[in-house]
Amino acid sequence: MKNTTLPYTDIEVSKICLGTMTWGKQNTEAEGHEQMDFALENGVNFFDTAELYPVPAHPDRHSETEKIIGTWFKKNGNRNKVILGTKIAGKADFTKFIRTTGFSPDAIRSAVEGSLERLQTDYIDLYQLHWPERNTNYFGKRGYKHDISDHWEDNIHQVLETMRDLIREGKIRHVGISNETPWGAMRFLTESKVHAGLPRAITIQNPYSLLNRQFEVGLSEISLREKIGLLAYSPMGFGTLSGKYLGGMKPATGRITLFPNYNRYSNEPAIQATERYHELAQQHGLSMAQMALAFVNTRPFVTSTIIGATSMKQLQENIESIDLKLSEEVLEGIEAIHNSIPNPAP
């Protein structure tokens, strides 16, 4: 495994991060424990979760994923071997069963306390805002459309003050943002620069894959110049970049088969691009899944690539992508496809 360091810290993390959002729905507790055992044995020390998980969000499964991680910590005593990130859910219709108060001080504090209890730990290494409170473009929205009825009051200073207090109490160590835009990222960074003592966002968790390289438009420069590391999620495009949906196939256990409303990676342009990436991988004797992950792993703004698997075979293949070095010919082929069908799955 290759390692890197979380920006502005001395915390060493694996370049591959174990995603967990299927545990408690597509994966059982025992399977989640098996994945964590295997990942840790193979050098993956960075785990990412959220109070929202598993997905799709549902009151009957609320925060089951965090509970599964918590029972694993209790069983193995491995908390000190893992760098752990979790997230507070933002406001949305599908999260009303969690809370409706957004990122108020009481909401953040309550969310942290709840996660600590479920995770059976005294501290969270990286606490992230899962998505913005304000109306903006995330979760498949390609561009920003201003809504004059959106009366969001900028509370970023207050959010960071609450995070600062939780850091002082030892409940969280560092702060991250997620599903953010260039404006949002710079707003958080500027606030912590201008006001001494406010914590700095050290990571941004956004989608990034062969099918969605929108991070390169604006955010990549911010990431490199401001040293805020990308935690790339959905690097496999909900599994589409494994090739298992090509030719109209619908594997029974596939995420898109089970949850067809998650269709941002399965529109016609995305299918066409996936077919071409599959051909490129075959031409060079590569697994398309490993080619897709290796591309993300080697981007200079990526701190860690969040993988997610529902089987041990998938998990092993994903972790082994860290050893794949893509040739210049493959990289040129990727750029040719990207230039022909850019960002088909925002």
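**Notebook: helix H3, two loop residues and the largest pocket**

I began with helix H3 and listed its buried residues, which are Ala107, Ile108, Ala111, Val112, Gly114, Ser115, Leu116, Arg118 and Leu119. I note at the outset that I am working from a predicted model.

Next I asked what covers the buried residues of H3. I found that the cover includes two helices, H2 (64-76) and H4 (156-168), together with the strands S5 (83-88), S6 (124-129) and S7 (172-178). For the pattern of buried positions I kept in mind that an α-helix has 3.6 residues a turn, so residues three or four places apart point the same way.

I then checked the length of H3, which runs over residues 105-119. Its 15 residues, at 1.5 Å a residue, should span 21 Å, and because the end C-alpha atoms are 21 Å apart, I took the expected span and the model to agree. Just past the helix I looked up Gln120, which follows H3 and has a positive phi, near 55°.

From there I went to the loop between H2 and S5, where Asn78 has its place. Is Asn78 buried or exposed? Its relative accessible area is 10%, and because buried means under 20%, I entered Asn78 as buried. Leaving aside residues up to four places away in sequence, I found that Asn78 touches Leu40, Trp72 and Phe73.

I looked at Gly24 in the same manner, and placed Gly24 in the loop that lies between strand S3 (16-19) and helix H1 (29-41). The relative accessible area of Gly24 is 29%, so I entered this residue as partly exposed, the class that lies between the 20% and 50% limits. With residues up to four places away in sequence again not counted, the contacts of Gly24 are Pro54, Arg61, Glu64 and Ile68. I also took the C-alpha to C-alpha distance from Gly24 to Asn80, which is 24 Å for a separation of 56 residues in sequence.

Last, I turned to the largest pocket, which holds about 1,100 Å³ of space. I counted 47 residues in its lining, and those that lie nearest its centre are Met21, Val55, Ser234, Phe238 and Arg255. Sorted by class, the lining comprises 20 nonpolar, 21 polar and six charged residues.

Which element supplies the largest share of the lining of the largest pocket? I found that this share, four residues, comes from H10. Strand S10 (302-307) and helix H10 (312-320) each supply at least two residues of that lining.

Technical notes: Residues numbered from 1 in each chain as written. Predicted model: local features only at pLDDT ≥ 70, side-chain atom pairs only at ≥ 80, totals over all residues. Heavy atoms only, no water. 1 Å grid on protein atoms, 1.4 Å probe; cavity = no way out; pocket = protein on both sides within 12 Å on 5 of 7 lines; lining within 4 Å. Points joined across faces, edges and corners; volume = space filled by probe spheres on them. Nonpolar A, V, L, I, M, F, W, Y, C, P; charged D, E, K, R; others polar. Buried < 20%, exposed > 50% of the residue type's maximum accessible area, 1.4 Å probe, protein only. Contact = heavy atoms within 4.5 Å. Expected span 1.5 Å × (residues − 1).
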